[in-house]
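These exercises go with the structure shown below. Try each task before reading its solution.

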Amino acid sequence: MLTPAELFHTVCRVAAVMVLVAVVVLSFLPSESADPMRVFSWNSVDLSHVVAYAALAGTALLSVPKPTLWQGIGLVLAISFLGLAIEVLQPLVGRTTSIVDFTENEIGVAVGIGMFCVYWLGQKIRARDRRPAGE
């Protein structure tokens, strides 16, 4: 039987894989008109990139129980490289490479890091509050 913490990290791991698959599939749809995430556009900023990469970075970081700094850096760099690789490869399916899209991807990664930091800080505060008085 999984502990609640193990279950949480397992759910995050499954969610990270699902988000990764969705990001790759949606990124290589042949036409922007076929992009179902286009509804998240606001003032020429395509928030779908921010939302997708925030979800990917957040769930990936949360899927690792007690990640080291280097594991976190590695995950963030891998997700950032994924965003760059997708933008570079999109012309192969009739889409365009966009520095704006890449920037939105990286903003999403930063939001995902923020989500992880809030969770991590909450865990630290809860652990401190559980300590017996006098420690």
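**Exercise 1. A surface patch**

Which residues make the nonpolar surface patch of about 520 Å²?

Solution. The model used here is a predicted one. Step 1: the patch is made by Phe81, Leu84, Val88, Leu89 and Leu92. Step 2: take one of these residues, Leu84, and place it in the fold; Leu84 lies in helix α3, which covers residues 69-89. Step 3: check its exposure. Leu84 has a relative accessibility of 38%. Partly exposed means between the limits of 20% and 50%, so Leu84 counts as partly exposed.

**Exercise 2. The overall fold**

State how many helices and strands the protein has, and in what pattern they follow one another.

Solution. Step 1: count the elements; there are four helices and two strands. Step 2: read along the sequence, which gives the pattern α-β-β-α-α-α. Step 3: add the degree of burial. The protein has 135 residues, and 30% of them count as buried.

**Exercise 3. Helix packing**

Decide whether α3 is roughly parallel or roughly antiparallel to α2 and to α4.

Solution. Step 1: take the pair α2 and α3. Helix α2 spans residues 47-62, and it packs against α3 at an angle of about 150 degrees, the axes being 10 Å apart. Step 2: apply the cut-off. Angles over 145 degrees count as roughly antiparallel, and α2 and α3 are therefore roughly antiparallel. Step 3: repeat this for α3 and α4. Helix α4 spans residues 99-130; its angle with α3 is about 160 degrees, and the two axes lie 9 Å apart. The pair α3 and α4 is therefore roughly antiparallel. Step 4: give the handedness. The crossing of α2 and α3 is right-handed, and the crossing of α3 and α4 is right-handed.

**Exercise 4. Residues far apart in sequence**

Find how far apart in space Tyr53 and Gly108 are, and do the same for Ala5 and Pro65.

Solution. Step 1: Tyr53 and Gly108 are separated by 55 residues in sequence, while their C-alpha atoms are 4.6 Å apart. Step 2: locate Tyr53, which is found in helix α2. Its relative accessibility is 3%, so Tyr53 counts as buried. Step 3: turn to Ala5 and Pro65, which are 60 residues apart in sequence, with 8.2 Å from C-alpha to C-alpha. Step 4: Ala5 belongs to helix α1, residues 4-27. With a relative accessible area of 45%, Ala5 is partly exposed.

**Exercise 5. A loop residue**

Where is Lys66, and is Lys66 buried or exposed?

Solution. Step 1: Lys66 is in the loop between α2 and α3. Step 2: its relative accessibility is 79%, so Lys66 counts as exposed. Step 3: look at the backbone. Lys66 has a positive phi of about 50 degrees, although Lys66 is not a glycine.

**Exercise 6. The salt bridge**

Which residue forms a salt bridge with Arg128?

Solution. Step 1: the structure holds one salt bridge. Step 2: the partner of Arg128 is Asp129, and the closest N and O atoms are 3.3 Å apart. Step 3: compare with the limit; a salt bridge needs these atoms within 4 Å. Step 4: classify both partners. Arg128 counts as partly exposed at 46% relative accessibility, whereas Asp129 is exposed, with a relative accessible area of 53%.

Terms used: Residues are numbered from 1 along each chain as its sequence is written. This is a predicted model: local features need pLDDT of at least 70, side-chain atom pairs count only at pLDDT 80 or more; totals for chains, interfaces and linings use all residues. Side-chain values use heavy atoms; hydrogens and water are left out. Patches are made of residues with over 30% relative accessible area and no salt bridge: like charges are joined within 9 Å, nonpolar side chains (Val, Leu, Ile, Met, Phe, Trp, Tyr) within 5 Å. Accessible areas come from the Shrake-Rupley method with a 1.4 Å probe; for residues, only the protein chains shown count as cover. A salt bridge is a side-chain nitrogen of Lys or Arg within 4 Å of a carboxyl oxygen of Asp or Glu. Buried means under 20% relative accessible area, exposed over 50%, partly exposed in between (1.4 Å probe, protein chains only). Axes are lines fitted to C-alpha atoms, for helices over the stretch in contact, and angles run from 0 to 180 degrees between N-to-C directions. Angles under 35 degrees count as roughly parallel, over 145 as roughly antiparallel, 65 to 115 as roughly perpendicular and the rest as oblique. A crossing is left-handed if the near helix is turned anticlockwise from the far one by less than a right angle, and right-handed if clockwise.
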